[in-house]
Amino acid sequence: MTMKNANDAARVIVMVTLLFVLTIFLMPMFYGISGSLKSKEQLSSLNLSPIPQSPKKFNYNGKDCEVFLVPMNGVKKSLAMVKKGRDESVFVDPENVAAGEIVWTGKWRTLENEWQTDLQFKNYVQGWNAINFMRLFRNTLFYAVLTTFGTLLSSTFVAYGFSRFSFPGKNKFFMVLIATIVLPSAVTLIPVYTIFYKLGWVGTWLPLVVPHFFANAYNVFLLRQFMLGIPKEMDEAARIDGCGPVATLYRIILPQCIPAVISVGLFHFFWAWNDFFNPLLYLAGHPEKYPISIGLSAFSNMYSTETHLVQAVSMIACILPFIIFVVAQKFFIEGVVVSGVEK
């Protein structure tokens, strides 16, 4: 019984710790959602509630009057102020208007507002229209989907070659490939840009798309590790049945690598969706081709005082990646765990 109680206590501690860590991790997202549903006045108000709230108002004789918590006989009552005064103010009871006007002695500025939930969904509509979001969304989706396809195609073939075939210098070539991971992008920035400039590709999608059809060391390593776990006897059986290398990859290897392939696809899709530097470098001066990342930056600079609109547009940009991750999270987690790689 004591051991069982100890196990239950340990389980509770672990769950509480995980919930605490998860809450801390998700706080920026909650803050972003809260800010996107507030008006400019709500963001600058003294109300510190994370829930979007506005001062409660009551219509009295065709006039919107603010509702305050007024101390009367030791109790705070919700009263709507119909007339402001320096030392005396006039209120009415919203729940009993027939009782007439109430004169309260004191400085009304010291009174506390009564707040009510007031979600500003119109921020999303204003932000959507102001940023021409459909064009940015279309450009970003084109960039992310096309480069994801190129990455999966090239990385799968390269990983397949390194995991299932033997050829002279195989290990050395693989070490050179992996060594590119530690090569800083700042070192290759100018030479790569010079090459694309001389090819006349600057200002087009080509510098952003074509390189991803030549594999990536991270993705090749992840897929290779996964493929190494597939018994080679299955390749031999496929060969006996008349399958060539490509057919073996398509019919034997890939069906068992679905979790790893989805993981690689998600890694790259999220990276491409948030990529800022490369589109900024190669698409400068062509705003009609900008993805969401650059569009959000430009929008933030133009509407620097409209924080609520910036937050709303940022939340819109997160919707599609969030949906994709939720739908594919089972395969994503399985692919990362089985391959033994964390990224």
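**Entry 1: Asp-93 and Lys-77**

I began with Asp-93 in this predicted model. Asp-93 has a relative accessible area of 13% and is therefore buried, the cut-off for that class being under 20%. I then looked for its charged partner and found Lys-77, with which Asp-93 forms a salt bridge; the closest N and O atoms are 3.9 Å apart. The two residues belong to distant parts of the chain, 16 residues apart. I located Asp-93 in the loop between strand S5 (88-92) and strand S6 (102-105), and Lys-77 in strand S4 (residues 75-83). Lys-77 has a relative accessible area of 35%, so I entered it as partly exposed.

**Entry 2: Arg-164 and Asp-235**

Next I looked up the salt bridge that Arg-164 forms with Asp-235, where the closest N and O atoms are 2.9 Å apart. Arg-164 lies in helix H4 (residues 133-164) and Asp-235 in helix H9 (residues 233-240), so the pair ties together parts that are 71 residues apart in sequence. I checked the accessibility of each residue in turn. Arg-164 stands at 10% and counts as buried. Asp-235 stands at 7% and also counts as buried.

**Entry 3: Glu-306 and Lys-40**

I turned to Glu-306 and Lys-40, whose side chains meet in a salt bridge of 3.5 Å, N to O. Here the residues are 266 apart in the chain: I found Lys-40 in helix H2 (residues 40-44), and Glu-306 in the loop between helix H13 (292-302) and helix H14 (307-339). At a relative accessible area of 21%, Glu-306 is partly exposed. Lys-40, at 38%, is partly exposed as well.

How many salt bridges does a search of the whole structure find? I recorded six. As background to these entries, side chains of opposite charge can pair when their charged atoms come close.

**Entry 4: Charges over the protein**

I then took the charged side chains together. The protein has 28 positive and 21 negative side chains. The centres of the two sets lie 8 Å apart.

**Entry 5: Ser-34**

Is Ser-34 buried or exposed? I noted a relative accessible area of 12%, so Ser-34 is buried. Ser-34 is found in helix H1, which spans residues 2-36. I set aside its neighbours within four places in sequence and listed what remained in contact with Ser-34: Pro-50, Ile-51 and Pro-52.

**Entry 6: Tyr-124**

I placed Tyr-124 in helix H3 (residues 122-131). With a relative accessibility of 22%, Tyr-124 counts as partly exposed. Which residues is Tyr-124 in contact with, leaving aside its neighbours within four places in sequence? I found Ser-36, Leu-37, Ala-312, Met-315 and Ile-316. I followed one of these contacts, Leu-37, further. Tyr-124 and Leu-37 are 87 residues apart in sequence, while their C-alpha atoms are 8.3 Å apart in space.

I compared this list with the element boundaries already noted. Ser-36 falls at the end of helix H1 (residues 2-36), and helix H14 (307-339) covers the positions of Ala-312, Met-315 and Ile-316.

**Entry 7: Positive phi outside glycine**

I looked up the backbone at Asn-61, which has a positive phi of about 55 degrees although it is not a glycine. Asn-61 is found in the loop between strand S2 (57-60) and strand S3 (63-72). At 69% relative accessibility, Asn-61 counts as exposed.

Ala-215, likewise not a glycine, has a positive phi of about 65 degrees. I placed Ala-215 in the loop between helix H7 (206-209) and helix H8 (217-228).

**Entry 8: The whole chain**

I closed with the overall values. The secondary structure comes to 14 helices and eight strands. Why is the protein described as more spread out than a compact globule? Its radius of gyration is 30 Å, well over the 20 Å that the globule rule gives for 343 residues, and I drew the conclusion from that comparison. The C-alpha atoms fill a box of roughly 95 × 70 × 35 Å, taken along the principal axes.

I noted that 36% of the 343 residues count as buried. The protein exposes about 21,000 Å², of which carbon and sulfur atoms supply 66%. Among contacts between residues at least 6 apart in sequence, 66% join residues at least 24 apart.

Definitions and conventions
Residues are numbered from 1 along each chain as its sequence is written. This is a predicted model: local features need pLDDT of at least 70, side-chain atom pairs count only at pLDDT 80 or more; totals for chains, interfaces and linings use all residues. Side-chain values use heavy atoms; hydrogens and water are left out. Helices (H or I, at least four residues) and strands (E, at least two) are DSSP runs, numbered from the N terminus. The radius of gyration is taken over C-alpha atoms; the globule rule is 2.2 Å times the number of residues to the power 0.38. Buried means under 20% relative accessible area, exposed over 50%, partly exposed in between (1.4 Å probe, protein chains only). Contact means heavy atoms within 4.5 Å. Accessible areas come from the Shrake-Rupley method with a 1.4 Å probe; for residues, only the protein chains shown count as cover. Lys and Arg count as positive and Asp and Glu as negative; His and the chain ends are not counted. The place of a charge is taken as NZ of Lys, CZ of Arg, CG of Asp or CD of Glu. A salt bridge is a side-chain nitrogen of Lys or Arg within 4 Å of a carboxyl oxygen of Asp or Glu.
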